[in-house]
Amino acid sequence: TSTHQPILQVRSLAKAFGGNKVLQDVSFDVQPGEIVGLLGPNGSGKSTLLNTITGFEAIDAGQVLLQGKSIGALPAHRIVSDEGVGRTFQLPSMPTKMSVIEVAMAAATKQHGFWGTLLNSRAARDAEAAARAKATALLDELLLTKVRDLPASALSGGQKKLLGIVCALMGEPRLLMLDEPTAGVHPNLRNDIVSALKRLNEQGMTLVVVEHDMHFIRELCTRCVVLDRGHIVASCAPAELAQNERVLQAYLGG
Ligand code: ADP
Ligand code: MG
């Protein structure tokens, strides 16, 4: 009979690109502490759903609530820095000149900006030291210590995914949304990503993960939400996916 406030509520969300109705009447909740898998065939709207929730794309209709507060009209940088929502990208792009640790440090949300840096103020130096310490610890956690001083653009596709996770974690999100974190990642690294995400979840972070790898999903997710052509067709435990008629239809093109 307890009434937990969901950490995320998506209400009748709609998004079209021109005449292409990519998301239609999408509603689902995420409870604090869950690890929700967001599944669906290619083109079903998964990345667009992450983009609209996190403010990278405008919403046409509907609502996004974070712990009851509407964030649907906020710009992406405010959703990240003020509301504590982290996200990673399906195809991370990295600046060519910055080193791995510099990219991670630049993702710190508490920065002292132009004047602090110009005046080399105490507060700016403290913030930089804190960002460096946090980046160092996260790079270690995500197995990037060895490449810390290389140009970020020199990383493999999988390592860029790991650095994307580090960058999202620099903002200390309460809700972290990951877009295909293991796609293109060496199989040996996948288990490490699963373990890292489990540890974050045990520390209290709520996760939404777009993923195709069923082994990864069964290992990690407490529940799965399935998109098919812009509609949510199922919300069930990973073990129930294979028996779900509408999930099979989505993947077999029924
Ligand atoms: P998924 O991540 O599930 O593979 P996407 O959300 O990337 O699906 O894409 C869903 C649909 O939206 C596709 O038809 C895609 O072409 C279209 N789409 C996505 N982003 C854009 C955009 N920025 N402009 C136009 N169409 C887009
Ligand atoms: Mg996608």
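The paragraphs below go through a predicted model, from the whole chain to single residues.

The protein has 9 helices and 10 strands. Its C-alpha atoms fill a box of roughly 60 × 45 × 40 Å, taken along the principal axes. A second way to describe size is the radius of gyration. A compact globule of 254 residues would have a value near 18 Å, and the protein has 19 Å, which agrees. Of the 254 residues, 37% are buried. Contacts can also be sorted by how far apart the partners sit in sequence. Among contacts between residues at least 6 apart in sequence, 66% join residues that are at least 24 apart.

The interior comes next. The largest nonpolar core has 66 residues, and Ala104 and Val166 are those with the most contacts inside it. Helix α6 gives the largest share of this core, 8 residues. Alanine 104 shows what such contacts look like for one residue. Leaving aside neighbours within four places in sequence, alanine 104 is in contact with Ala135, Leu138, Leu139, Leu163, Val166, Cys167 and Met170. Four of the names to find in the structure, Leu163, Val166, Cys167 and Met170, are also listed among the buried residues of α6.

Helix α6 deserves a closer look. This helix covers residues 157-170, which is 14 residues. At 1.5 Å a residue it should span 20 Å, and its end C-alpha atoms are 20 Å apart, so the expected and computed lengths agree. Is α6 enclosed by the rest of the structure or left open? Since 12 of its 14 residues are buried, α6 is largely enclosed by the rest of the structure. The buried residues include Lys160 and Lys161 as well as Leu162, Ile165 and Leu169. A residue counts as buried here if 20 or more other C-beta atoms lie within 10 Å of its own. An α-helix has 3.6 residues a turn, so residues three or four places apart point the same way. The buried residues of α6 pack against two helices, α3 (100-106) and α5 (122-141), and against two strands, β6 (85-87) and β7 (175-179). Just after α6, glutamate 172 takes a positive phi of about 45°.

Helix α7 can be checked in the same manner. Its 16 residues should span 22 Å at 1.5 Å a residue, and its end C-alpha atoms are 23 Å apart, which agrees. Proline 187 lies in α7, which runs over residues 187-202. Proline 187 has 10 other C-beta atoms within 10 Å, so it is exposed. Proline 187 and aspartate 126 are 61 residues apart in sequence, and their C-alpha atoms are 39 Å apart in space. Just after α7, glycine 204 takes a positive phi of about 110°.

Strand β2 holds two residues to compare. Valine 26 is found in this strand, and so is aspartate 25. Which of the classes, buried or partly exposed, fits valine 26? With 23 C-beta neighbours inside 10 Å, valine 26 counts as buried. Aspartate 25 has 14 such neighbours and therefore counts as partly exposed. Leaving aside neighbours within four places in sequence, valine 26 is in contact with Val10, Leu13, Leu49 and Ile232. Valine 26 and asparagine 201 are 175 residues apart in sequence and 25 Å apart in space, C-alpha to C-alpha. Aspartate 25 has a positive phi of about 50°, although it is not a glycine.

Arginine 229 also has a positive phi, of about 45°, and it is not a glycine either. Arginine 229 sits in the loop between β9 (223-228) and β10 (231-236). With 15 C-beta neighbours inside 10 Å, arginine 229 counts as partly exposed.

Ligand 1 is the last stop. The residues around it are Phe17, Asn20, Val22, Gly40, Asn42, Gly43, Ser44, Gly45, Lys46, Ser47 and Thr48. Which elements each supply at least two residues of this shell? They are β2 (20-30) and α1 (46-53). The largest share, 3 residues, comes from α1. By type, the shell divides into 2 nonpolar, 8 polar and 1 charged.

Conventions
Residues are numbered from 1 along each chain as its sequence is written. Chains are lettered from A and ligands numbered from 1 in the order in which they are written. This is a predicted model: local features need pLDDT of at least 70, side-chain atom pairs count only at pLDDT 80 or more; totals for chains, interfaces and linings use all residues. A residue is near a molecule or strand if its C-beta atom, placed from the backbone, lies within 6 Å of it. Ala, Val, Leu, Ile, Met, Phe, Trp, Tyr, Cys and Pro count as nonpolar, Asp, Glu, Lys and Arg as charged, and the others, Gly among them, as polar. The expected span of a helix is 1.5 Å times one less than its number of residues. Two residues are in contact if their C-beta atoms, placed from the backbone, lie within 7 Å. The radius of gyration is taken over C-alpha atoms; the globule rule is 2.2 Å times the number of residues to the power 0.38. A nonpolar core is a set of buried Ala, Val, Leu, Ile, Met, Phe, Trp, Tyr and Cys residues joined through C-beta atoms within 7 Å.
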